[in-house]
Structure formats: C-alpha cells, structure tokens
Amino acid sequence: MDTQTSTEPAGLAAAPAEDDAPWLTAREQRLWRAHLEVSKLLEYQLSRELGQHDLAINDYEILVVLSESPERRMRMTDLAAATLQSKSRLSHQITRMESAGLVLRQECPGDRRGLYAHLTEHGWELLRKVAPDHVRSVRAHFVDRLDEAQLDAMYEALAPIAEHLRGLRGKL
C-alpha cells in the first residue's frame, strides 16, 4: 500500500474541485482509525468491568478527581471542566451519584449560586475498593500491551496533542 497516497472517504471522491481539504494519506488514515477504535474499545471494556461494581466510567472519573482534590471536594463548574462534561450533564450525573450516596452537593460559602461536589465516606470507600481492579484492567488492556520504548514513544506522541487541545478549550 502506498502510504503517501491521499485518501478521502469513498462517498466524497466526487467532491467539487474547489474542495482543497487536506485528505489524510493512507498511513495517516490507518493511524487515525486505529486510534478511534482503540479509544472506543478500551473505554467499552473498562466500562464493562467497572459496571461489575455498579459504576459507570464517568462515575469513576468523578470519584478519582474528587479524591485528589483538597478536602475531597470541588466546585461543580471546576469538576465539569476537569471531566470534560457540560454543567448540565454533570449535574444529572451528580444527582445519580448523590442518590447512591457517593457524593454530596454543598453550598459554597460566600457564593449563593456556587455548589461543591463532595466525596462522601461511602464514595471514598467504594473508590478504594474498586481502584485496584480498575488499575489491573488498565494494565491488562493497555499498559502491559506495550514495551518500555513504546510507552515512552506513545507518551511523547500524545503529550503535545493533549497540550494543544487543552489550549483550545473554551475558545469556541
């Protein structure tokens, strides 16, 4: 396969001539699709395994973020930003987690409209129980599939992309 040949989706092959989209090469397309597939499959597998503990992957992420925050709490707006969720979606999720006794909403002193999400003792204990299984899963399905050089190369490749995307947040 010629890795330098530009490819466009088959349905777009007859696009107007003035379309100067920088189509991906076959090599770039292969990488992009592998990235998408791995991302989706990995999230699916980790979600299935967390489901055995009655947790969604987003619930687990919130528990982790709160556990790493001072006093195990965070302003809802900051938590939404940290977990890349809309305020509305996070609010619904926190409502579910609150019903399960994992988090509490608390008022922010000095800010009548501000709210904290606070990790409860039950949420902390569940996180401590689930984390070893989750780490084993991350290791089994991702980290241990790569050798030391691949781990370093993957980090070096992904870090500047993450930095670029973090810089774009909130600019739309």
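The legends below describe close-up views of a predicted model.

**Figure 1. Overall fold of the predicted model, with 6 helices and 3 strands.**
Read from the start of the sequence, the helices and strands follow the order α-α-β-α-α-β-β-α-α. The protein has 172 residues, of which 23% count as buried. Its exposed surface comes to about 12300 Å², and carbon and sulfur atoms supply 55% of that area. Among contacts between residues at least 6 apart in sequence, 44% join residues at least 24 apart.

**Figure 2. The largest pocket, with a volume of about 1800 Å³.**
The lining of the largest pocket consists of 37 residues, and those closest to the pocket centre are His35, Ser39, Leu42, Phe142 and Leu158. Four helices each supply at least two lining residues: α1 (26-51), α2 (57-67), α5 (121-141) and α6 (148-168). Helix α1 gives the most, with 12 residues. Sorted by class, the lining holds 24 nonpolar, 6 polar and 7 charged residues.

**Figure 3. The second largest pocket, with a volume of about 240 Å³.**
The residues lining the second largest pocket are Arg75, Met76, Thr77, Lys87, Leu90, Ser91, Arg105, Asp111, Arg113, Gly114 and Leu115. Two or more of the lining residues come from each of α3 (76-82), α4 (87-99) and β3 (111-119). Strand β3 provides the largest share, 4 residues. By class, 3 of the lining residues are nonpolar, 3 are polar and 5 are charged.

**Figure 4. The largest nonpolar core, made up of 22 residues.**
Leu55, Leu66, Leu79 and Ile94 touch the most other members of this core. Elements α2, α3, α4, β3 and α5 each give two or more residues to the core. The largest share, 5 residues, comes from α2.

**Figure 5. Surroundings of the core residue Leu55.**
Neighbours within four places in sequence are left aside in this view. On that basis, Leu55 is in contact with Ser47, Leu50, Tyr60, Leu63, Leu102, Leu126 and Val130. Leu55 is also one of the core residues that touch the most other members.

**Figure 6. His134 in helix α5.**
Is His134 buried or exposed? With a relative accessible area of 13%, His134 is buried, because the cut-off for that class is under 20%. Not counting residues up to four places away in sequence, His134 touches Leu46, Leu50 and Tyr60. Leu50 and Tyr60 are also among the contacts of Leu55. Helix α5, which holds His134, is one of the elements that supply at least two residues to the lining of the largest pocket. Helix α5 is also among the elements that give two or more residues to the largest nonpolar core.

**Figure 7. Leu84 in the loop between α3 and α4.**
The relative accessible area of Leu84 is 65%. Leu84 therefore counts as exposed, the cut-off for that class being over 50%. Leu84 and Arg169 are 85 residues apart along the chain, and their C-alpha atoms are separated by 9.5 Å. The two helices that flank the loop of Leu84 are α3 and α4, and both are among the elements that give two or more residues to the lining of the second largest pocket.

Note on methods. Residues are numbered from 1 along each chain as its sequence is written. This is a predicted model: local features need pLDDT of at least 70, side-chain atom pairs count only at pLDDT 80 or more; totals for chains, interfaces and linings use all residues. Side-chain values use heavy atoms; hydrogens and water are left out. On a 1 Å grid over the protein atoms alone, a cavity is a set of points where a 1.4 Å probe fits but cannot get out, and a pocket is an open set with protein on both sides within 12 Å along at least five of seven lines; lining residues have an atom within 4 Å of a point. Grid points are joined across faces, edges and corners, and a volume is the space filled by probe spheres set on the points. Ala, Val, Leu, Ile, Met, Phe, Trp, Tyr, Cys and Pro count as nonpolar, Asp, Glu, Lys and Arg as charged, and the others, Gly among them, as polar. Buried means under 20% relative accessible area, exposed over 50%, partly exposed in between (1.4 Å probe, protein chains only). A nonpolar core is a set of buried Ala, Val, Leu, Ile, Met, Phe, Trp, Tyr and Cys residues joined through side-chain atoms within 4.5 Å. Contact means heavy atoms within 4.5 Å. Accessible areas come from the Shrake-Rupley method with a 1.4 Å probe; for residues, only the protein chains shown count as cover.
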